[in-house]
Amino acid sequence: MFRYITLRNFTHIFKQAKCQSSLSSTLATKSLSNPSSTVNENTKIELEERNIVKSENKINSLKSNEEQKSKLVSTVFASLNEEEIKTSQDKSKYEFSKIDDLNRLLSKITYKISRSEALKIVSVLADWTNSGHISTSDFEKDRRYLKLCKILGQQSKGAEISVNESTHVPDDLATVLGVAGDDEAAKIIGNITINQMVKVITSLSARKRRSLPILRSLAFNIGKSSEKLNIKQGADILYAAAQLNFYDEVLFEKVCLDLTECIMMNSKRAVIGSISMSLGFLKYKDKELLDLLCEWTMKNINICHTQDFVSLLITLATLNYTPQNQDIFFEKLKGTIIQDGVSNTNIWLDVVWSLVILSQANHEHVASVLSPKFLEKLSTTNQGDLTMGCRLKLLNINGAAKLKIKDYKGPFLDSSDEKWNVSIQRTKDKQTLVTSVIDTLSNLVPSSYYLVTNIDSKMGFYIDGECIVDANLTPLPIIDKKTGKRIERESSRCIKIAILVLDYHDMTRGHTDSCGIANLAQELTRLLGYKVLTVDYTQFNPRDKLVSRVKYLKELLQERVKH
């Protein structure tokens with residue numbers, strides 16, 4: 001159609017040009033032969049020229065319409081082509097899921113396939129394997145499957161990847177992490193070896209990729225495996241889990257059990273330091289493994305560095321655990337870790353704080369961190385100001401110096417200094433738990449005059465609630481209604497109850513117990529003359545009915561009053 005219009009236009013232009021040429025020749029001849037007729041002839045020429053201009057404008061308009069129609073046709077065909085490609089891809093994915101024969105599925109790898117298509121084939125293979133339709137031995141050595149693994153192992157982001165004839169054993173990281181979807185990748189985990197699974201979780205940690213579907217699949221498959229982990233594999237799993245803040249009880253039980261069987265045969269200090277540090281970060285308390293770590297350290301004390309002792313000490317304090325060989329262990333430990341051997345003031349503060357929690361600090365230890373000289377040096381190390389963590393630890397140590405360490409004569413923190421008036425911010429979850437406990441407890445006391453909340457101990461922690469009862473569990477007022485001041489009671493009949501709420505972060509995992517700082521807070525609170533009522537998140541649920549919560553707290557109160 002468009003070609004016909006063009007030809008017709010061309011013919012029209014040719015005729016116009018021919019007429020114009022003939023007319024010009026005739027007029028020229030007449031003009032020369034008859035000068036008197038020039039004016040009339042000029043008028044005719046002007047009319048003819050106007051007609052020619054109109055014809056040219058019409059031709060240009062036709063050409064413009066033709067170009068627009070041509071572009072429109074091109075756009076339509078391009079759109080149809082894209083739709084055809086999309087339909088083809090969707091059809092390809094649909095076909096993969098409809099194939100029920102292994103050989104037919106693998107035959108699809110012969111030509112160029114996209115990364116998404118390769119992933120779909122692997123997903124189908126994983127589904128068949130999990131359902132028992134086929135086993136991995138049916139295809140794991142097949143050349144086409146190895147080619148598929150190579151495709152998924154490519155780091156290129158291209159839309160298509162050619163399959164060459166060379167075979168390639170898949171890299172576990174590329175095979176699992178190189179795929180697009182975490183859920184699809186998680187299906188592949190069951191078909192790789194334990195060693196490959198360890199490499200995958202290590203790689204996730206290195207990439208800081210906290211993919212819960214993959215991590216849960218790894219935890220499940222490693223946890224159920226009967227294959228023993230060696231010490232490096234166990235250390236790598238714990239370190240990766242600590243970095244990714246991932247916890248799985250079955251996985252950790254498996255790892256710790258296997259480590260207890262091989263740890264004493266190890267001769268390298270670095271892996272021991274890694275294990276102890278990871279347990280501290282995870283707050284995972286396995287008593288048998290901790291005892292073996294301490295035993296190994298004493299056995300190999302000559303090859304251990306100061307940082308190894310410090311790492312183990314901080315872990316023991318965090319988990320609030322005293323090893324069975326504590327007498328020998330702490331004697332050698334305190335003889336090895338001395339202030340002159342620790343150049344970093346923050347690390348020395350951590351050492352003394354840990355010794356205080358484990359009831360192993362002496363007067364010299366405490367005085368070394370409460371002295372004005374050390375505080376000035378610590379402030380300089382932290383760019384002229386003390387961090388919140390440092391302040392809380394120093395307040396813990398200062399409280400222990402006043403109440404826990406007998407006959408201490410060394411320096412204390414200056415209570416008049418505003419920097420020690422620390423406002424401690426609770427996490428959202430803990431605040432919710434504390435609020436629920438106090439609201440429930442208010443049903444056991446008449447009014448707010450009988451229950452005080454959020455008491456700053458000035459020792460680096462809050463007492464969440466305080467009440468006073470007699471031997472019959474009858475509440476007694478704490479605040480005078482008239483004056484609004486605290487009523488001082490010295491009678492032995494009065495029993496002061498301090499409520500300390502423990503959330504997820506205040507408890508250890510594995511062997512459930514109060515962590516080190518929570519235990520120190522309880523101990524210092526008792527030394528203030530309180531009977532401590534601890535309410536932990538494992539026993540108290542804010543979502544329980546009010547009647548159940550009130551009953552639970554009342555039983556706890558009765559138990560504390562009797563004992």
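**Local packing around Ile357 and helix H10 in a predicted model**

Ile357 touches Ala317, Lys404, Gly516, Ile517 and Leu520, not counting residues up to four places away in sequence; contact here means heavy atoms within 4.5 Å. The structure is a predicted model, in which local features need pLDDT of at least 70 and side-chain atom pairs count only at pLDDT 80 or more, whereas totals for chains, interfaces and linings use all residues. Residues are numbered from 1 along each chain as its sequence is written, and side-chain values use heavy atoms, with hydrogens and water left out.

Ile357 belongs to helix H16 (residues 345–357). Helices (H or I, at least four residues) and strands (E, at least two) are DSSP runs numbered from the N terminus. Ile357 counts as buried because its relative accessibility is 4%; buried denotes under 20% relative accessible area, exposed over 50%, and partly exposed in between (1.4 Å probe, protein chains only). Its C-alpha atom is separated by 6.2 Å from that of Gly516, although the two residues are 159 residues apart along the chain. Across the protein, 71% of the contacts between residues at least 6 apart in sequence join residues at least 24 apart. The secondary structure comprises 22 helices and 9 strands, and 43% of the 563 residues count as buried.

Helix H10 (residues 231–244) has 14 residues, for which a span of 20 Å is expected at 1.5 Å a residue; its end C-alpha atoms are 20 Å apart, in agreement with that value. The expected span is 1.5 Å times one less than the number of residues. Of the 14 residues of H10, 10 are buried, among them Ile231, Ile237, Leu238 and Leu244. The buried residues pack against helices H8 (194–206), H9 (212–224), H11 (249–262) and H12 (269–282). At the N-terminal end, Asn230 caps H10 through a side-chain oxygen that lies 3.1 Å from the backbone nitrogen of Lys232. Just after the helix, Asn245 takes a positive phi of about 55°.

Two of the helices packed against H10 also meet each other. The axes of H9 and H11 come within 8 Å and cross at roughly 40°, where axes are lines fitted to C-alpha atoms, for helices over the stretch in contact, and angles run from 0 to 180 degrees between N-to-C directions. H9 and H11 are therefore oblique to each other; angles under 35 degrees count as roughly parallel, over 145 as roughly antiparallel, 65 to 115 as roughly perpendicular and the rest as oblique. Ala219, Ile222 and Gly223 of H9 and Val250, Leu251 and Lys254 of H11 make the contact.

The loop between helix H19 (388–403) and helix H20 (428–441) contains Asp407, which has a positive phi of about 60° although it is not a glycine. Asp407 is exposed, with a relative accessible area of 60%. Ser423 is found in the loop between H19 and H20 and counts as partly exposed at 44% relative accessibility. Leaving aside neighbours within four places in sequence, Ser423 is in contact with Met388 and Tyr462. Ser423 and Gly460 are 37 residues apart in sequence and 9.2 Å apart in space, C-alpha to C-alpha.

Lys458 lies in the loop between strand E4 (451–456) and strand E5 (462–469). Lys458 is not a glycine, yet has a positive phi of about 65°. Its relative accessible area of 47% makes Lys458 partly exposed.

Technical notes. Polar contact = N/O pair within 3.5 Å; in protein donor to acceptor, adjacent residues only side chain to side chain.
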